[in-house]
Amino acid sequence: MSIDGTIIWLTWRQLFARRRLYLAAAFALTPLLLAFVFRVLIPDSDAASGEFLTGLVRDFVIGTLLPLAAVIFGTTAFGGEVDDGTLVYLLVKPLPRWRVVVWKYVVAVLSTAAVMIPAVLLPWLVVRTPELPFRIPLSYLAGVGVGCLVYCAIFVALGLTTRRSLVFGLLYIVAIEMVLSRTIIGTKSLSVREFAISVAQWSGNGAVTLSPTPVSLPTVWIMGPVILIGAIVFTLWKLQRFEVAERL
Amino acid sequence: MTHHVELRRASRWYGNVVAVNDVSCALGPGITGVLGPNGAGKTTVLHMIAGLLHPSAGEVLIDGEPSAGRSEIYRKVALVPEREAVHPFLTGCEFARMSARLHRLPDPDAAAARAIALVDLEEAQHRRIGTYSKGMRQRIKIAGAFVHDPSIVLLDEPFNGMDPRQRLHMMDVLRREAAEGRVVVISSHILEELADLADNVLVMVAGRLAASGHYREIRRLMTDRPHTFRIRSSDDRRLAATLLSDVSVFGVELTDSGIVVRTAERRALTQHLPRAARSAQIRLLEIHPTDESLESVFSYLVEG
């Protein structure tokens, strides 16, 4: 498949238009700021840095920033254009609609990842000790990568489905990720945050231990692709039968 | 090759609302105007031709093939949508280039430059579209549509927001493009916009094709219809009697708030009324045409 550079370029411009650029910078740099605060305020910060980094990445980066970045970039990939009617300029081109879905999804994933990579690496650089080798942030990044892939698939689909995609996306994050998956054991296997944590622990090969124990790896390998492919197929189907009504 | 568009008993409804009802017509090279009040179904017809809406019943064909669900038709079809929105963060030039690239044209930059020159927007081409006036936005949309030299061009209310000079320029452009054998379809809710422009006019009212024909024919149908005026005067009863003697008047009704006069010829009445009032020494206090709304003009066509 050839690369549709123009769709990528347009989506990129859309995602980082106006205030979203500042928001992206804030997401990327807040963990760094917290790491500095930790370094300055905690007297024996070296000894506690492992615990600090684990807590920071697990609860703040993977638990909060990752779904927020994904909901913003994922829902904007289509949502903005459906809202203002500019999607029609892509639809009246001799280009199969599935390509629009694929490239918009790819851009949403890459944009979310671009924000999340510094959010993981920069605090590690500040608090790192010999006990915290590079393998540790690397395994967190593997988890973040899985999270980006699944979250963006969900939120891109949401962006094409409803005009209030951002609101529903945030509700989803609060309801499924923050409340249900932490209180009802069964819903853990639907939580993308749990998938990301589980993959981070697995790829750390013993170097990263996160408690409480996240969902088992087989659950991730089954439920992850089911949600990912399900959401992408749904988006493809949705755009294929998308009709430009007189009053959108 | 001569291109053509055909609607065969095409209907489209959204839930319980019928937007387009059983419309049949064939459009060939030249300019066709689709005229009708807001909500008449003009945009739905254009979107069906553009393949963005499936007809709920009937067929919409481009060169004999159904238009909906086939992205390859956009090699020859272009649409200028009514909605004003164009990506505000792009410059005019970037927007035209983007269109050219999405069409995979061999030299997108040259095609974009040509399209921008066509709509006379060279000076503002490096400004962000977000800073454009309504008329400029319309023109950059038209540039984006013409970038790949389409043979069927659908323009939904293209003159909205343009000043008279831009409007004349754009009319010239469209006439020229149509003279080269393109099928150009323009929707409008203003009959005068289509004067000297559309060879063929389709009038739509409430989703139906109410009339079709040459602009002059439609114009005659619209102006020769009966008109109703509400008149208040110093002596309504006497004025009513006087007016009934005029052959152009075919009905007078006395009401509490004056008289309602129905005439077949608006011009004749407006000339006769002041003279008749003066000779009968009646003072005219108020003359008010009661049926000048677009909807009433168009609904007359449907009833006729």
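The paragraphs below go through chain A, its contact with chain B, and one residue of chain B. This is a predicted model, in which local features need pLDDT of at least 70 and side-chain atom pairs count only at pLDDT 80 or more, while totals for chains, interfaces and linings use all residues. Residues are numbered from 1 along each chain as its sequence is written, and chains are lettered from A in the order in which they are written.

Chain A has nine helices and zero strands, where helices (H or I, at least four residues) and strands (E, at least two) are DSSP runs numbered from the N terminus. The radius of gyration of chain A, taken over C-alpha atoms, is 19 Å, which agrees with the value near 18 Å for a compact globule of 248 residues; the rule behind that value is 2.2 Å times the number of residues to the power 0.38. Along its principal axes, the C-alpha trace of chain A spans about 65 × 40 × 35 Å.

Contact between the chains involves 20 residues of chain A and 26 residues of chain B, two residues being in contact if their C-beta atoms, placed from the backbone, lie within 7 Å. On the side of chain A that touches chain B, the elements giving two or more residues are helix H1 (5-15) and helix H4 (88-91) of chain A.

In chain B, Phe159(B) lies in the loop between strand E7 (152-156) and helix H5 (164-179). Phe159(B) counts as buried because it has 22 C-beta neighbours inside 10 Å, the cut-off for buried being 20 or more other C-beta atoms within 10 Å of its own. Beyond its neighbours within four places in sequence, Phe159(B) is in contact with Arg167(B), Met170(B) and Glu193(B).

Key. A residue is buried if 20 or more other C-beta atoms lie within 10 Å of its own, exposed if 12 or fewer, and partly exposed in between; C-beta atoms are placed from the backbone.
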